[in-house]
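Biologist: I should like to take a close look at a single part of this structure, namely the surroundings of the ligand. Please describe that part with care, and then place it within the rest of the chain.

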Amino acid sequence: MNAPTMPPQDHAAIVAPKLSVAPMMDWTDRHCRAFHRVLAPGALLYTEMVHANAVLQGDRERLLGYDAPEHPVALQLGGSEPERLAAAARIGQDYGYDEVNLNVGCPSDRVQAGRFGACLMKEPALVAECIAAMRAAVSIPVTVKCRLGVDELEDYAHFAGFIDTVAATGCDTFIVHARKAWLDGLSPKENREIPPLRHEWAYRLKRERPQLTISLNGGIADLEAIATHLTQVDAVMLGRAAYHDPYLLHRADAQLAGTQVRPREELLRALRPYVEAALARGVALKHITRHVLGLYAGQPGGRQFRQILSEGAHRPGADWSLVERALAATGAPLTAAA
Ligand SMILES: Cc1cc2nc3c(=O)[nH]c(=O)nc-3n(C[C@H](O)[C@H](O)[C@H](O)COP(=O)(O)O)c2cc1C
């Protein structure tokens, strides 16, 4: 897909969804998003984080390319230089993205060396400058994904002050990964597990600043939790749970839309046209099927489903028939089309 062929989006028509799937590096690539879109027609999807410099200097089609059905889809940017972020946001808008999001939550060493991600929680004025520049460059929403704090900065007043400073630019949507990050000593993975979750800080933020749109992220793993959080905040963002248990994402979307839950095999088969089009472009099956391995987690035949796909999808010539073989192992009924 090339940018100029993208239909212009009617941004005003996009209602902020109550459900989104988190940006996850190496995971939420375009193939993953195509699958998630089938599972959750109503969810907002996020790209992996792309650094503003990569957008400006890198292979744009590889970094930003996506398929029209992914809408609504948000581009997550990393960086801390206002002009570069603004230019990258503009390119994202020209590509047809529905939102641009700034990453103020990633704690990896690489990110800290570049002075972006979670360490920006310490620099609210700089974040505000970045957001102001991005907002001036685009007409699509510019949002922020942040933590509660970093290192010793773990008090609600500092967190709320950070939000207020950024909100003063006119930014009104914040995705709160509701734990702080330790910049020293914890790996990114540990930083998603060890600092305690404080969902109540996001609740309080919403109570005290009802004009802001607050999406809660972090440790949300079942339908009951989603329903409970949505009584306190505007939206929920699912990360690992949506990736590892894609059927949860589907059930969450159906619950919110009030639609019927569809069988797993029907959802997977709905991806067939996407898969076949990608194979025809030369994409290897493994790049797509790696994202569907959890679809039958905990179900009869789930282990064989995973195994057949993991072992077969990297073989040259692997095609849709492998997916049907994996489905057969789960006892899924064959369809005429299969
Ligand atoms: C593999 C992986 C990659 C991630 N990459 C990003 C990223 O690029 N940008 C970002 O803001 N957060 C990233 N995160 C954090 C998630 O967006 C999310 O905030 C975190 O996993 C907590 O949500 P969860 O408990 O629902 O998974 C990543 C998480 C994982 C597991």
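Modeller: Let us begin with one residue, Met-24. Leaving out residues up to four places away in sequence, Met-24 touches Glu-48, Gly-239 and Tyr-243. The model is a predicted one, and each statement below should be read with that in mind.

Met-24 sits in the loop that runs between strand 1 and helix 1. Is Met-24 buried, exposed or partly exposed? Met-24 has 18 other C-beta atoms within 10 Å, and it is therefore partly exposed; a residue needs 20 or more such atoms to be called buried.

The ligand itself comes next. The shell around the ligand holds 23 residues, and those that come nearest are Ala-22, Met-24, Met-49, Gly-239 and Arg-240. Two elements give two or more residues to this shell, strand 2 (44–51) and helix 10 (240–244). By residue class, the shell around the ligand divides into 10 nonpolar, eight polar and five charged residues.

An annotation may be set beside this description. Under "binding site", an unreviewed UniProt entry lists Pro-23, Met-24, Met-25, Gln-76, Lys-145, His-177, Asn-217, Gly-218, Gly-219, Gly-239 and Arg-240.

Pro-23 is one of the residues in that UniProt list. Pro-23 is placed in the loop between strand 1 (19–21) and helix 1 (30–39). Pro-23 counts as buried because it has 26 C-beta neighbours inside 10 Å. When its neighbours within four places in sequence are set aside, Pro-23 is in contact with Thr-28, Tyr-46, Thr-47, Glu-48, Met-49 and Gln-76.

The loop between strand 1 and helix 1 also contains Asp-26. Asp-26 has 8 other C-beta atoms within 10 Å and is therefore exposed. The backbone of Asp-26 deserves attention as well: its phi is positive, at about 70°, although Asp-26 is not a glycine. Most residues other than glycine have a negative phi, and most peptide bonds are trans.

Two further places in the chain may be read against that general rule. Asp-151, which is not a glycine, has a positive phi of about 50°. Asp-151 belongs to the loop between strand 5 (142–146) and helix 7 (156–167). With 16 other C-beta atoms within 10 Å, Asp-151 is partly exposed. The other place concerns a peptide bond: His-71 and Pro-72 are joined by a cis peptide bond, with omega about -5°. Pro-72 is found in the loop between helix 3 (60–64) and strand 3 (73–78).

The UniProt record has one more annotation to consider. For "active site", the unreviewed entry lists Cys-106. Cys-106 lies in the loop between strand 4 (99–104) and helix 5 (109–113). Since 24 other C-beta atoms lie within 10 Å of its own, Cys-106 is buried.

Another cysteine, Cys-130, leads to a pair of helices. Cys-130 is part of helix 6 (residues 124–137). Cys-130 has 30 C-beta neighbours inside 10 Å and so counts as buried. Apart from residues up to four places away in sequence, Cys-130 touches Ser-80, Pro-82, Leu-85 and Leu-102.

How do helix 4 and helix 6 meet, and at what angle do their axes cross? The axes of helix 4 (residues 82–94) and helix 6 come within 8 Å and cross at roughly 35°. The crossing of helix 4 with helix 6 is right-handed. On the side of helix 4, the contact is made by Pro-82, Glu-83, Leu-85, Ala-86, Ala-89 and Arg-90, while helix 6 provides Glu-129, Cys-130, Ala-133, Met-134, Ala-136 and Ala-137. The residues of this contact divide into nine nonpolar, no polar and three charged.

Finally, two distances relate these parts to other places in the chain. Cys-130 and Arg-290 are 160 residues apart in sequence, and their C-alpha atoms are 35 Å apart in space. Gln-299 and Met-24 are 275 residues apart in sequence and 25 Å apart in space, from C-alpha to C-alpha. Gln-299 is located in the loop between helix 14 (285–289) and helix 15 (302–312). Gln-299 is partly exposed, as it has 14 other C-beta atoms within 10 Å.

How values were computed
Residues are numbered from 1 along each chain as its sequence is written. This is a predicted model: local features need pLDDT of at least 70, side-chain atom pairs count only at pLDDT 80 or more; totals for chains, interfaces and linings use all residues. Helices (H or I, at least four residues) and strands (E, at least two) are DSSP runs, numbered from the N terminus. A residue is buried if 20 or more other C-beta atoms lie within 10 Å of its own, exposed if 12 or fewer, and partly exposed in between; C-beta atoms are placed from the backbone. Two residues are in contact if their C-beta atoms, placed from the backbone, lie within 7 Å. A residue is near a molecule or strand if its C-beta atom, placed from the backbone, lies within 6 Å of it. Ala, Val, Leu, Ile, Met, Phe, Trp, Tyr, Cys and Pro count as nonpolar, Asp, Glu, Lys and Arg as charged, and the others, Gly among them, as polar. UniProt positions are given in the numbering used here, feature names are shortened, and annotations may be inferred rather than shown by experiment. Axes are lines fitted to C-alpha atoms, for helices over the stretch in contact, and angles run from 0 to 180 degrees between N-to-C directions. A crossing is left-handed if the near helix is turned anticlockwise from the far one by less than a right angle, and right-handed if clockwise.
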